[in-house]
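Student: I'd like a close look at a single part of this model, with the chemistry around it spelled out. Could you walk me through it in one go?

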Amino acid sequence: MSIKEKISPAPIFEEGFLDQTLRPDNFNDYVGQENIKDNLRILLGAAAERHHPPEHLLFYGPPGLGKTTLAHLIAKEAKTSIKVTAGPAIEKVGDLASILTNLSPGDVLFIDEVHRLSKVIEEVLYPAMESGSLNIIIGKGPSARTIQLELPPFTLIAATTKIGGVSSPLRSRFSGGVFKLEFYTNEEIKKIVARSAKILATAIDGEAAEEIARRSRYTPRTANYLLKRCRDFAQIKKEKLRVEIVRKALELLGIDEMGLNQSDRMILKAIAEKFSGGPVGLGTLAASLGDETGTIEEYNEPYLMQIGFLERTPRGRLVTPKGYQHISK
């Protein structure tokens with residue numbers, strides 16, 4: 001038997017496609033972000049009555065809150081196709097031209113991490129968003145000429161984790177609206193966990209779902225990740241997904257009762273013990289931990305500040321009394 005014969009293709013439902021499987025199929029299944037959903041329903045309904053594609057939209061907020069999911073839901077609601085790309089992937093004008101000219105009328109183009117588009121690409125994108133035309137310069141010097149390509153009507157949906165990195169001219173061209181996704185409540189996360197467990201054909205009681213929700217950092221993506229790892233733990237241990245099993249699984253992962261992981265606790269302990277509670281600069285803190293400044297600033301700090309364990313001042317980072325209390329347990 002050859003190696004190829006020994007390896008069978010994984011079912012679509014397995015891990016490589018699991019995150020996509022857990023995404024809701026309609027706005028009713030999408031938990032949370034009620035104000036955004038209400039606005040989108042009106043925008044999509046009005047566009048459908050006018051037989052026009054929805055106007056361009058920009059979503060921003062921390063990772064894992066559902067920006068990509070909203071883009072897919074909008075495409076489903078508008079009964080059209082969605083083409084997905086990311087800011088860093090569009091390096092040249094030709095890349096953008098290829099994407100735009102291959103769109104069908106009414107298609108949704110989703111650009112993730114739009115703040116990473118270069119200024120040159122942005123300049124080409126402006127007329128495409130405003131007038132549906134693509135201006136391309138052919139040649140160089142005196143012989144250079146501009147050609148204008150007419151594009152089919154489309155909807156651009158962009159997402160970013162750094163709204164400050166999106167230039168003002170680009171931001172103003174999202175005529176459908178600029179929406180900020182907020183962190184979820186524990187009750188909303190609990191509903192998401194229960195729904196995901198049902199899709200995974202995993203029985204979970206309310207107390208276990210609540211335990212996962214409490215440690216999920218108010219983020220659906222994290223909640224689904226923790227649920228999958230708890231499911232694996234229960235499967236190997238031949239146990240049902242009860243709250244005791246959830247606690248053991250999360251303890252093995254190093255996730256404490258506040259949702260802090262090992263790196264979060266190391267940051268708090270480093271500031272408290274190495275720098276007498278702070279203030280300490282980000283670069284110095286990162287060097288003392290052997291970590292990158294971007295990881296600390298974008299992943300660890302927002303949650304530590306949100307739960308009141310860390311304070312960011314002009315002079316540096318400080319551990320709060322609540323933070324001290326937590327790491328001294």
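Student: Let's take helix H9: which helices do the buried residues of H9 pack against?

Tutor: Bear in mind that this is a predicted model. The buried residues of H9 pack against helix H8 (186-199), helix H10 (220-236) and helix H11 (243-253). H9 itself covers residues 206-214, and its buried residues are Ala-208, Ala-209, Glu-211, Ile-212 and Ala-213. Here's a bit of helix geometry to keep in mind: an α-helix has 3.6 residues a turn, so residues three or four places apart point the same way.

Now the N-terminal end of H9. Asp-205 caps that end, with a side-chain oxygen 3.3 Å from the backbone nitrogen of Glu-207.

Glu-211 turns up again when you look at charges. Although Glu-211 is on the buried list, this residue is also linked with Arg-214, Arg-215 and Arg-247 in a network of salt bridges. Going by their numbers, Arg-214 falls within the 206-214 span of H9, while Arg-247 falls within the 243-253 span of H11, one of the helices that H9 packs against.

A little further along the chain, Arg-217 lies over the face of Tyr-299, at 4.8 Å from the ring centre. Another arginine does something similar elsewhere: Arg-173 lies over the face of Tyr-126, at 4.0 Å from the ring centre.

Then there's Arg-242, which forms a salt bridge with Glu-239, the closest N and O atoms being 2.9 Å apart. Arg-242 is partly exposed, at 31% relative accessible area, and Glu-239 is partly exposed too, at 37%.

For context, the count for the structure comes to 18 salt bridges. One of them joins the side chains of Lys-76 and Asp-25, at 3.0 Å from N to O. Lys-76 lies in helix H4 (residues 67-77) and Asp-25 in the loop between helix H2 (15-21) and helix H3 (34-50), so this pair ties together parts that are 51 residues apart in sequence. Lys-76 counts as partly exposed at 47% relative accessibility, and Asp-25 is partly exposed at 48%.

Another salt bridge joins Lys-83 and Asp-107, at 3.1 Å from N to O. Here Lys-83 sits in strand S2 (residues 82-86) and Asp-107 in the loop between helix H5 (93-101) and strand S3 (108-112), 24 residues apart. Lys-83 is partly exposed, with a relative accessible area of 32%, whereas Asp-107 is buried at 3%.

How values were computed
Residues are numbered from 1 along each chain as its sequence is written. This is a predicted model: local features need pLDDT of at least 70, side-chain atom pairs count only at pLDDT 80 or more; totals for chains, interfaces and linings use all residues. Side-chain values use heavy atoms; hydrogens and water are left out. A charge sits over a ring if NZ of Lys or CZ of Arg is within 6 Å of the ring centre and within 35 degrees of the ring normal. Buried means under 20% relative accessible area, exposed over 50%, partly exposed in between (1.4 Å probe, protein chains only). Helices (H or I, at least four residues) and strands (E, at least two) are DSSP runs, numbered from the N terminus. Contact means heavy atoms within 4.5 Å. A polar contact is a pair of N or O atoms within 3.5 Å; within protein, one must be able to donate a hydrogen and the other to accept it, and residues adjacent in sequence count only if both atoms are side-chain atoms. A salt bridge is a side-chain nitrogen of Lys or Arg within 4 Å of a carboxyl oxygen of Asp or Glu.
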